[in-house]
Amino acid sequence: MAIQDSDPERRNLVLTSIAFIIFYLADGQVTPGAITLQVVSVTFKNVLALKIFAWVMLCWFGLRYWQTHHMSYENAYRDHLNEFGNSNESGAIYIEKTFKLKRVNDCDGFFGHQLLWHGGNNKLHIKYSRMEGVKKKENGSIAYDKRVDLEPEELIGFYGILLRLQYFWSFAIKSPGFTSYAVPYILFASAIVIHDLKEYGIIS
């Protein structure tokens, strides 16, 4: 993520958090009278007031970033479903293991599965169709007597957890939406944690 970020809330939070991190890791000190605005001839001597102001600004930037971006993660997460792909192998394995169904070949089973985002409870669901009376023709095509398009079902069980984790890993690695959203929060949290570690002498 470039420093010349066109998003002002993200840029403010990132730059301020980085400044805090560098200040504390480099053992920065604020010396009374050392900070002077030459243009208006103002000298700052109250170090505590400067520290309080700096922390208020950091927290303000964090709040503003959350206010303007708290929905962007969910939107990027849902949008990545298109790139993750429908009818992927992991989804098929999940249906086989969870619902004890076979894939349509020359027998009854399921096909056309896809992951989707269900707005009712904001969780990943899987949708698929069941084919009954399946017969394989001589030319290799499939004929069937009945097709049932099932309603989306929430991912459950051990294989559901694995499929969620695989999707999140794909989202975190491949989607710029994840890093754009998460990095400012990571830096913000790091600034707070490093300050506390230094304050209580856990790190020198």
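**Entry 1: helix 6**

I began with helix 6, where I found a kink of about 30° at A182, shortly before the proline P184. I note that the model is a predicted one. I then checked the length of this helix, which covers residues 176–199. Its 24 residues should span 34 Å at 1.5 Å a residue, and I found the end C-alpha atoms 35 Å apart, which agrees.

Which residues of helix 6 are buried? I listed F178, Y181, A182, P184, L187, F188, A191, I194, H195 and K198. Both the kink residue A182 and the proline P184 are thus in the buried set. I looked next for what covers these buried residues, and the cover includes helix 1 (8–25), helix 2 (47–69), helix 3 (72–84) and helix 5.

**Entry 2: K198 and its partner**

K198 is a lysine among the buried residues of helix 6, so I looked up its accessibility and its partner. Its relative accessibility is 18%, and K198 counts as buried because the limit is under 20%. I found its side chain in a salt bridge with that of D27, at 2.4 Å from N to O. D27 lies in the loop between helix 1 and strand 1 (35–37), whereas K198 lies in helix 6, so the pair ties together parts that are 171 residues apart in sequence. D27 itself, at 47% relative accessibility, counts as partly exposed.

**Entry 3: other salt bridges**

I recorded nine salt bridges in the structure. Side chains of opposite charge can pair when their charged atoms come close. One of the pairs I examined is E74 with R78, whose side chains meet at 3.7 Å, N to O. These two are four residues apart in helix 3, so about one helical turn separates them. R78 is partly exposed, with a relative accessible area of 30%.

I then turned to E96 and R103, which form a salt bridge with their closest N and O atoms 2.7 Å apart. For E96 I noted a relative accessible area of 26%, which makes it partly exposed. R103 is also partly exposed, at 31%. What else belongs to the network of salt bridges that links E96 and R103? I found E89 there as well.

**Entry 4: K136**

I placed K136 in strand 5 (residues 135–136). K136 is partly exposed, with a relative accessible area of 47%. Leaving aside residues up to four places away in sequence, I found that K136 touches N105, D106, S141 and I142. Of these contacts I followed up D106, which is 30 residues from K136 in sequence and 5.1 Å from it in space, C-alpha to C-alpha.

**Entry 5: a surface patch**

I looked up the nonpolar patch on the surface and found it made by F158, Y159, I161, L162 and L165, with an area of about 500 Å². F158 belongs to helix 5 (residues 157–174). Is F158 buried or exposed? With a relative accessible area of 57%, it is exposed.

**Entry 6: the chain as a whole**

I closed with the overall figures. The chain has six helices and eight strands, and I read their order along the sequence as α-β-β-α-α-α-β-β-β-β-β-β-α-α. Of its 204 residues, 29% are buried. Among contacts with a separation of 6 or more, 58% join residues 24 or more positions apart. I noted an accessible surface of about 12900 Å² for the chain, with 58% of this area belonging to carbon and sulfur atoms.

Terms used: Residues are numbered from 1 along each chain as its sequence is written. This is a predicted model: local features need pLDDT of at least 70, side-chain atom pairs count only at pLDDT 80 or more; totals for chains, interfaces and linings use all residues. Side-chain values use heavy atoms; hydrogens and water are left out. Patches are made of residues with over 30% relative accessible area and no salt bridge: like charges are joined within 9 Å, nonpolar side chains (Val, Leu, Ile, Met, Phe, Trp, Tyr) within 5 Å. Accessible areas come from the Shrake-Rupley method with a 1.4 Å probe; for residues, only the protein chains shown count as cover. A salt bridge is a side-chain nitrogen of Lys or Arg within 4 Å of a carboxyl oxygen of Asp or Glu. Buried means under 20% relative accessible area, exposed over 50%, partly exposed in between (1.4 Å probe, protein chains only). The expected span of a helix is 1.5 Å times one less than its number of residues. The bend at a residue is the angle between axes fitted to the seven residues ending there and the seven starting there. Contact means heavy atoms within 4.5 Å.
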